[in-house]
Every structure is written in structure tokens, then in C-alpha cells.
Amino acid sequence: MKKFKLLLLFFFICTSGLLAKDYTKKREVRVFIDQMVKKYKFSRSELNKLFSHARFQKKALAIYVPSLRPKVKPSNKVRKKQGSWDRYEKILLKESKVTKGVSYMHKHRNTLLKAYQKYGVQPEYIIAIIGIESHYGVNRGKFPVFDTLTTLAFEKNRRKRFYRSELKEFLLMTRREKVNPKNVMGSYAGAIGLGQFMPSNYKTFVVDFNKDGKKQMNHPSDAIGSIAYYLKRHNWRKREPVATRVTYPGTRYRSKKTGYKHKYNRASLKGITPKNKFSYKDKVHLIKLKRTSYDELWYGTKNFYTITRYNHSSYYAMAVYQLAQRIKNKYQKTYGKNLI
């Protein structure tokens, strides 16, 4: 038995070593270290130690390098045809996510009220973003952020330059916050915490909302305050709507360009009518959600566009909006009143 345990230990050490990579052997890494030492006064020995023991993150790199992805055997199972929004909705707008969001909102209601008073962002939108980004903190990411950013910054892929900048910001952030860079976990892209902020967002948008001297996106108070502040800085308008469903002739909409990049005066959108009262006066975006047999069409407002600054996707912003509304409605039914 003792020999068996020693054999297992030897196997673990050997296989773990195969995952580690000495990135200081790469010239571009040595140049990066030189820059961090000269410009930001980092310790060369500490950086050399970090980069000489980085662990290659194959799964993260495979997002950008298809050849690294495992081959999937073709399935003989006939799949029911679905529209792209049907699939998106099924993943992000589950009833369980709504129920958990109501509980999370109630638990952190005081912090959410404080954020609303300071930044004017309704609680349900903050909660919806946390729900979509990390399932209310349950899934904050299992990738070591330093190793992931190092892999993406110095292995061949189309976004190397972006990730090299994020790696720089990550090292600066961990030094400011006195955190060991090897101990931070995040997404396959290096996003961190309840709201999945990239390192470059930390200095500008993360706030110490609970006044404990630290900026921590893994702490609910700081995450709530930071998401509200982020939206406010991107021109969130207090008490203004986000979206409303509209009708149009036919079942597929092709008349005008849709998506958050295009906006129109409502007077120019002939044949399109809001299904509910909608007194918004500014230009609107036409948001098309593709269902299996028809297109849903929505008006998106300035606040809808603001949500797309968090994630540049009309579907993402619509998921945040719809999840927020469902959480708000269920909260009212559960507790007999709205939070604000």
C-alpha cells in the first residue's frame, strides 16, 4: 500500500510538471518583463519566478485555436430545429435563475438600495447581470487568471495583443490590492468575480463599496456597487425604460437593419407599433430575436445600449432585460412589494 501511494505521488508530480511551462524562455516574455520592471517598478526576480512556473492553459487557448479542441463525434440524434433566441433563452432565462435571483436580491437588498440611491440603477438589472455572469457567485470561473492570461498573451492566437494588455493590468491590480496573482481564479478569458470584470476594468470601474479598503469583485457589496457604477459611467438613465416589444407586418423582419449599432426615429418606422404603452421620445434600436418560426421585434432605448457596453451583444442585453423583469415581478409576488 505504501509503495502504491508513493507511485501515485510520483505520477502526480511528473504529470503536473508537464503542465508547467517556463515562459521566460520566450523573447517576447522577457521584453514584457523588462517593460514591467522599467515602467512599473516590478521586481524582476519575482516576475521571472512567476513566468517560469506558469501553467499552460490549453482549454482557454482552444477558444481561439480550433485545432486544440477535442474532436466531437457526430450524433445520429435528430435535433429539433430552434431559433437562435430560443436556444439563448433556454440557457439564460431558466426559472431556477429567476428564483435564485429573487433570493439574492432580498439577501443584498440594503446594498442594492444604496447603489440605486448613489448611481440610479434599478436593483433588478444589477442582479440579472450577476445572475448571467456568475450564477450569483456559484460559477466565478475555474481558470487560474495569471496562467490563463499568460497563455493567451504569449501563445499564437488572434487576440494576443489584447491579452497582453490585460495581463499587464492584472499584475498592476494584484499589486495594488496586495493579492497573490497565482491565487486568483476566473473565466477562460481572465474575467474575475461576481460580475466577471476584465482586469482592465478594475482601476476605472471597481469601487470599494463596503469601505473596507479593498476592491474585490468576489465580494457582493463591491460587485453590486461596481456594476451600478459601470452602468452609470456608460450613461444609464435613471427611471427610463430599457426595451419594449413591438408588432410589425409578417413573421420575419427584414425591412431595416437591426441590432444595437443602428438607431431610428420612431416616426420613420412605419408599420411598427409598441404592444404596450411606451412614451420614450428618443431614437430607438430595433432588436430582432430569431424564433423557430418567426422573429420577435423590440424597441431598445439608450439604457438598452448601455447594457451592451457590458457585453457587446444585443442578445445579452435582452437577456439581462428579460431576466431583470422576471426577477422584479417574482420579487413583488414573493415579498408583496418592489424593492424600490
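Is glutamate 28 buried, partly exposed or exposed, and what is its relative accessibility? In this predicted model, glutamate 28 has a relative accessibility of 25% and therefore counts as partly exposed, given that the buried class ends under 20% and the exposed class begins over 50%. Its partner is arginine 164, with which glutamate 28 forms a salt bridge whose closest N and O atoms are 2.7 Å apart. Because arginine 164 belongs to helix α10 (residues 160-176) and glutamate 28 to helix α2 (residues 27-40), the pair ties together parts that lie 136 residues apart in sequence. Arginine 164 is likewise classed as partly exposed, because its relative accessibility is 24%.

This pair leads to the salt bridges in general, of which the structure holds 14. Side chains of opposite charge can pair when their charged atoms come close. A second example is centred on glutamate 89, a residue of helix α5 (residues 84-92). The side chain of glutamate 89 meets that of arginine 291 in a salt bridge with an N to O distance of 2.8 Å. Since arginine 291 sits in the loop between β7 and β8 while glutamate 89 is in helix α5, this pair ties together parts 202 residues apart in sequence. Both glutamate 89 and arginine 291 are buried: the relative accessibility is 18% for glutamate 89 and 12% for arginine 291.

Arginine 291 also forms a salt bridge with glutamate 296, again described by an N to O distance of 2.8 Å. Glutamate 296 is buried, with a relative accessible area of 5%. Through shared partners, salt bridges join Asp86, Glu89, Arg291, Glu296 and Arg326 into one network. The contacts of glutamate 89, with neighbours within four places in sequence set aside, are Lys94, Arg291, Gln322 and Arg326.

The strands on either side of the loop that holds arginine 291 belong to a sheet. This open sheet has 4 strands in the order β6-β5-β8-β7, with antiparallel pairing. Its edge strands are β6 (273-274) and β7 (285-290), each of which pairs on one side only. Strand β7 pairs with β8 (residues 295-300) in the antiparallel sense over 6 bridges, and leucine 286 stands opposite tyrosine 299 in β8. Helix α14 (residues 314-335) packs on the sheet, where it touches β5 (243-247), β7 and β8, and its direction makes about 90° with that of β7.

Tyrosine 315 is located in helix α14 and is buried, because its relative accessible area is 15%. Outside its neighbours within four places in sequence, tyrosine 315 is in contact with Ser84, Trp85, Tyr88, Lys288, Leu289 and Lys290. The side chains of tyrosine 315 and serine 84 are joined by a polar contact of 2.8 Å. Tyrosine 315 and glutamate 89 are 226 residues apart along the chain, yet their C-alpha atoms are separated by 9.0 Å.

Attention now turns to the nonpolar interior. The largest nonpolar core comprises 86 residues, among which Phe51 and Leu171 touch the most other members. Helix α14 gives the most to this core, with 11 residues. Leucine 171 touches Phe32, Met36, Phe42, Leu47, Leu50, Phe51, Phe146 and Pro181, when residues up to four places away in sequence are not counted. Apart from the largest core lies another core, of 12 residues, including Tyr253, Leu269, Ile272 and Leu286.

Methods: Residues numbered from 1 in each chain as written. Predicted model: local features only at pLDDT ≥ 70, side-chain atom pairs only at ≥ 80, totals over all residues. Heavy atoms only, no water. Helix = DSSP H or I, 4+ residues; strand = E, 2+ residues; numbered from the N terminus. Buried < 20%, exposed > 50% of the residue type's maximum accessible area, 1.4 Å probe, protein only. Contact = heavy atoms within 4.5 Å. Pairing = 2+ DSSP bridges. Axes fitted to C-alpha atoms, helices over the stretch in contact; angles between N-to-C directions. Core = buried A, V, L, I, M, F, W, Y, C linked by side-chain atoms within 4.5 Å. Polar contact = N/O pair within 3.5 Å; in protein donor to acceptor, adjacent residues only side chain to side chain. Salt bridge = Lys/Arg side-chain N within 4 Å of Asp/Glu carboxyl O.
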